[in-house]
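Colleague: Please take a close look at one part of this structure and describe it in a single connected answer.

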Amino acid sequence: MGEIGFLGIGIMGKAMAVNLLRHGFKVTVWNRTLSRCDELVQHGASVGETPAAVIKKCKYTIAMLSDPAAALSVVFDKHGALEQICGGKGYIDMSTVDADTSSQISQVITSKGGSFLEAPVSGSKKPAEDGQLVILAAGDKDLYDQVVPAFDVLGKKSFFLGQIGNGAKMKLVVNMIMGSMMNAFSEGIVLADKSGLDPHTLLDVLDLGAIANPMFKMKGPAMIKNSYPPAFPLKHQQKDMRLALALGDENAVPMPVAAAANEAFKKARSLGLGDHDFSAVFETLSK
Ligand SMILES: NC(=O)C1=CN([C@@H]2O[C@H](COP(=O)(O)OP(=O)(O)OC[C@H]3O[C@@H](n4cnc5c(N)ncnc54)[C@H](OP(=O)(O)O)[C@@H]3O)[C@@H](O)[C@H]2O)C=CC1
Ligand SMILES: O=CC(=O)O
């Protein structure tokens with residue numbers, strides 16, 4: 001595939017770029033806070049001074065940025081990706097954004113002759129470290145086929161979902177369900193505790209039944225200890241609830257459960273918990 005550019009070395013971007021390096025890909029990284037690239041250099045990465053410099057150097061560039069504003073800024077701002085996009089270059093945005101943001105990026109990239117794929121992922125810090133993400137791609141099928149070797153390293157399964165927007169929408173639906181589940185789980189732990197049950201026993205019971213899942217299993221024990229080391233920052237989960245609710249508005253889908261979950265995540269943000277793991281929504285109930 002040649003050298004891969006990587007824009008955004010946050011929790012996910014770092015794990016994904018390290019994974020690519022470990023599997024022998026040459027990677028050039030850029031991050032807004034450039035010092036966060038230092039650790040990647042120790043793993044063999046090169047550093048680009050700007051998104052434009054990375055695009056200029058690499059045939060394919062992946063972006064993994066916090067939200068729509070960040071994804072747009074890295075493309076459109078001075079020294080942004082758009083300055084160097086041209087025919088023969090592929091831009092793959094793996095950030096979780098809404099379909100409209102993705103379409104805007106797709107339009108400008110393709111208008112300059114480049115090709116574009118949106119490819120948000122399901123799976124958090126640990127799956128990113130282990131190359132076990134689920135990739136939800138949509139857009140340019142030729143570009144998808146060209147980058148499958150990288151997706152095979154980053155994920156356990158890639159879906160090609162068709163036209164631009166479908167990957168973004170699928171990701172928002174999945175995270176809307178996840179955010180609602182996290183709230184129901186939190187209420188259950190508090191209810192068990194306050195009604196005199198051992199929450200650890202609740203976790204054991206859940207794990208043996210029809211609603212057992214990796215999220216409950218992985219996060220439950222830490223939540224009971226009021227510990228929320230950030231794997232998926234709460235501020236990003238709230239952004240996903242907000243974008244999913246907007247998708248519900250557009251399609252006239254009533255989502256009272258998701259709306260209530262969004263309020264709980266907003267409350268958690270107002271308590272200063274935005275940079276904690278999204279399981280910290282538990283704090284809004286347990287105090
Ligand atoms: N963590 C997770 O479990 C998962 C996250 N996601 C999604 O992946 C994306 C990245 O998440 P994650 O790595 O956890 O987030 P982080 O908050 O750890 O990283 C965010 C990245 O975006 C960059 N950034 C933020 N604002 C701007 C801006 N205005 N201009 C340029 N760069 C900017 C940050 O740069 P800087 O270092 O300078 O702040 C950083 O590199 C999000 O869309 C998230 O929803 C998807 C699946 C799982
Ligand atoms: O977006 C978060 C995830 O765990 O998936």
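Modeller: Here is a description of the surroundings of ligand 2.

This is a predicted model, in which local features need pLDDT of at least 70 and side-chain atom pairs count only at pLDDT 80 or more, while totals for chains, interfaces and linings use all residues. Residues are numbered from 1 along each chain as its sequence is written, chains are lettered from A and ligands numbered from 1 in the order in which they are written, and side-chain values use heavy atoms, with hydrogens and water left out.

The shell around ligand 2 consists of S122, G123, S124, K171, N175, M178 and F232 (a residue is near if one of its heavy atoms lies within 4 Å). By class, two of these residues are nonpolar, four polar and one charged (Ala, Val, Leu, Ile, Met, Phe, Trp, Tyr, Cys and Pro count as nonpolar, Asp, Glu, Lys and Arg as charged, and the others, Gly among them, as polar). Helix α8 (residues 166-194) supplies the largest share, three residues (helices are DSSP runs of H or I with at least four residues, strands runs of E with at least two, numbered from the N terminus).

A backbone N or O atom of G123 lies 2.8 Å from an oxygen atom of ligand 2. A polar side-chain atom of K171 is also 2.8 Å from a ligand 2 oxygen, and a side-chain N or O atom of N175 lies 2.8 Å from an oxygen atom of ligand 2. Of the 190 Å² of accessible area that ligand 2 has on its own, the protein covers 89% (Shrake-Rupley method, 1.4 Å probe).

Conventions. A polar contact is a pair of N or O atoms within 3.5 Å; within protein, one must be able to donate a hydrogen and the other to accept it, and residues adjacent in sequence count only if both atoms are side-chain atoms.
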